[in-house]
Amino acid sequence: MERPVHSLSALFAQLGQPDDEKSIMQFIERHRPLADDVLLHEAPFWTPSQAAFLREAIACDADWADVADELNVELRARN
């Protein structure tokens, strides 16, 4: 059985964030770079429920894990 593939937009919608491309890019720009010693779900800008969702998605290698990893990479990029 194939794993569902979620987009970055779908992840933002799941997290209750604006999910259009412009809003996602603004969010990433506002919060990058995420320090190397901070796990994605430990970032101070998440609500407790958002952090729990991200922690579970990554820890359980859920179908959201790939896109959560994509967000993690984007937040750590230095411009």
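This report describes the nonpolar core, helix H4 and the aromatic pairs of a predicted model.

Local features in this predicted model need pLDDT of at least 70 and side-chain atom pairs pLDDT 80 or more, whereas totals for chains, interfaces and linings use all residues. Residues are numbered from 1 along each chain as its sequence is written, and side-chain values use heavy atoms, without hydrogens and water.

The largest nonpolar core (buried Ala, Val, Leu, Ile, Met, Phe, Trp, Tyr and Cys residues joined through side-chain atoms within 4.5 Å) has 20 residues, and Leu8, Leu11, Trp46 and Leu71 have the most contacts inside it. Buried means under 20% relative accessible area, exposed over 50% and partly exposed in between, with a 1.4 Å probe and protein chains only. H4 (65–76) is among the helices (DSSP runs of H or I, at least four residues) that give two or more residues to this core, and H4 gives the most, with four.

The buried residues of H4 are Ala65, Val67, Ala68, Leu71, Asn72 and Leu75; they cover an arc (directions from the helix axis to the C-beta atoms) of only 165 degrees, which puts them on the same side of H4. The face turned away from that side carries the exposed residues Asp66 and Val73.

Rings of Phe, Tyr and Trp (its six-membered ring) pair if their centres lie within 6.5 Å, with planes under 30 degrees apart stacked, over 60 edge-to-face and the rest tilted; by this rule there are five aromatic pairs, including these two:

| Pair | Centres | Planes | Class |
|---|---|---|---|
| Phe12 and Phe27 | 5.2 Å | 85 degrees | edge-to-face |
| Phe27 and Phe45 | 5.4 Å | 85 degrees | edge-to-face |

Phe12, Phe27, Phe45 and Trp46 form one aromatic cluster.
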